[in-house]
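This report describes the fold of one protein chain, its cores, sheets and pocket, and two unusual backbone angles. The sequence and coordinates are shown first.

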Amino acid sequence: MRRAQALAFPLLLVLLSVIGPAQTFRGGISGMVTDQSGAVIASAVIKAVNSATSLSYATISSNAGEFSFQDLPLGDYSVSVEFPGFEPLRVNAVRVSAGAIYNLAVKLRVAQASSTVEVSAAAVTVDTSSAAQTNVVPTKTVEDLPINGRNFTQLIATAPGFSGYGGSGGFNGSRSGQVNQQIEGIDNNDAANNSSAANQGGIQSIPGVLLPLDALEEFSVQSQGGAETGRSPGAVVNLIIKSGTNQLHGSLYYYNRNEFFAAASPFAAPGTPKSELRNQHFGGSFGGPIRKDRTFYFVTYEEQKFIIGQATYATEPSYAYQAAATQLLNQYGVRINPVAQGLLNTLWPASLLTGPAAPNNYYATTPETGYSHNGLIKIDHSINNNNRLSLRWYVGQGSQTAPLSSFIPYYYQVGPMHVHNYAAVLNTTLSPSMTNQLLLGVNYFHQAFHDAYSGFDPAAS
């Protein structure tokens, strides 16, 4: 079996927002400015500053006192509001999450002295003004959850409305193939079966490549996404990638799953040694500024190597079985088919045919093996106060060798996989009430299957 596909479709999304929030893979802050009596304040100056990068965004309130920041990079923000005759207000720790709009109700007090009022966002009434039902798994949870195989697709099971097993399932009664997979708004779908291209299951459902968990800022699921996400009716899964900040930061890690720490199988005979099970992940990440307050980078790499021992009995046409069959044919005067006899001794390795003429005469021990190399780099650049550019490249390459329908090593299936995902995102502030987001992306997925050994020639037999 062989399957290969290359998806390369530039994606152009023009998102124009006038105060009313639009749903994107990023997030936003919106709200209303009033005085203590509830009267709206127009033309107040509102600034939002990213705590990690010091990048600032500015707007003014409308005649109805409303304001909105669209398509903001994720993170914590400090929001300041100023208007002549009123005390300036600063709200700290305003969290911008993927696909969600933080609703900030601002009340200014008449100025009594030259001072600035500072409050925490936790003390301000918070409401989500987006119609989408968004579930976000934050960075800390992504890092701490005991996810089998460090496979991000399993995080989908934490979202309300999900039904299924592991990373395969649907939302609110939809099918598993009705989930739209994205990486920061860029297509991440394998069109052959409509599942995630990154971390696509290879042989025996083990991912052929891995997008490193250390790269995820947030895992977002919109069970009722907006029309601009399109494509699939079930849900929208968005992987939000970390960015560099003004501070150098990074990580190094090594994970090892080993049969030494596992319990013996309750189905194994007493005294039977444990089957080999080794799954290793190692890698690291680092990020920081290229130019402080302006240009930032984030890089991560992860390597996986695994070996899964096999301890399975199978019945094969051993020489003893063939001799017994020959004797039976001779007994009834049936001629032996030389073609069949030649194929038996060609398609089966000689080492597998030494067992007795009895069921379960072969004990399979050849292990399943695999590896993958996975890397990602992201650059964020502030061209000026009104234009911000983000560039990202993810690549995964790996291969697996495992039994599929036969435990004969000749017929183990080999499944090499290659995945690329590129993106360029330009955010432009056209006016205090209008923004534009342009996304260009390429999603490439290639997977091919073949037998582990193809050196025999059945026709010559």
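What is the order of the strands in the open sheet of 5 strands? In this predicted model, the order is S11-S18-S19-S14-S15, and the pairing is mixed. Strands S11 (134-137) and S15 (186-187) form the edges; each has a single partner strand, so one side of each has no neighbour in the sheet. At one of these edges, S15 runs antiparallel to strand S14 (residues 179-183), and 2 bridges join them. Gln 182 is placed opposite Asp 187 of S15.

**Overall composition**

The protein chain contains 3 helices and 30 strands. Of its 461 residues, 45% are buried. Among contacts with a separation of 6 or more, 71% are between residues 24 or more positions apart. The accessible surface is about 22,000 Å², and carbon and sulfur atoms account for 57% of that area.

**Nonpolar cores**

The largest nonpolar core has 32 residues, and the members that touch the most others are Ile 29 and Val 33. Two or more residues of this core come from each of strands S2 (27-35), S3 (45-50), S5 (66-72), S6 (75-82), S7 (89-96), S8 (101-108) and S28 (417-431). Apart from neighbours within four places in sequence, Val 33 contacts a set of residues including Ile 41, Ile 46, Phe 67, Val 81, Val 106 and Leu 108. Its contacts also include the polar residue Ser 61, as well as Gly 65. A second core, separate from this one, comprises 30 residues, among them Val 137, Ile 156, Ala 235 and Leu 376.

**Antiparallel strand pairs**

Strand S28, which contributes to the largest core, also pairs with S26 and with S29. A hairpin of 2 residues connects S28 to S29. The antiparallel pairs with a stated bridge partner are set out below.

| Strand pair | Bridges | Example of facing residues |
|---|---|---|
| S14 and S15 | 2 bridges | Gln 182 and Asp 187 |
| S26 and S28 | 12 bridges | Trp 393 and Tyr 422 |
| S28 and S29 | 14 bridges | His 420 and Tyr 444 |

**The second largest pocket**

The second largest pocket holds about 640 Å³ of space. It is lined by 37 residues, of which Leu 74, Lys 242, Ser 243, Gly 244 and Thr 245 are the closest to its centre. Elements that supply two or more lining residues are S6, S19 (235-241), S20 (249-258), S22 (295-308), S25 (368-384) and S26 (387-402). The greatest contribution is that of S25, with 4 residues. Strand S6 thus appears in this lining as well as in the largest core, and S19 belongs to the open sheet of 5 strands.

**Residues with positive phi**

Most residues other than glycine have a negative phi. Where does the model depart from this pattern? One case is Asp 71, with phi near 55°. Asp 71 lies in strand S5, an element that also gives residues to the largest core. Its relative accessible area is 4%, so Asp 71 is buried.

A further case is Arg 150, whose phi is positive at about 50° although the residue is not a glycine. Arg 150 sits in the loop between helix H1 (139-144) and strand S12 (162-165). Is Arg 150 buried or exposed? Its relative accessibility is 8%, and Arg 150 therefore counts as buried, given that the cut-off for burial is under 20%.

Key: Residues numbered from 1 in each chain as written. Predicted model: local features only at pLDDT ≥ 70, side-chain atom pairs only at ≥ 80, totals over all residues. Heavy atoms only, no water. Core = buried A, V, L, I, M, F, W, Y, C linked by side-chain atoms within 4.5 Å. Buried < 20%, exposed > 50% of the residue type's maximum accessible area, 1.4 Å probe, protein only. Contact = heavy atoms within 4.5 Å. Areas by Shrake-Rupley, 256 points an atom, 1.4 Å probe, with all protein chains shown as cover. Pairing = 2+ DSSP bridges. 1 Å grid on protein atoms, 1.4 Å probe; cavity = no way out; pocket = protein on both sides within 12 Å on 5 of 7 lines; lining within 4 Å. Points joined across faces, edges and corners; volume = space filled by probe spheres on them.
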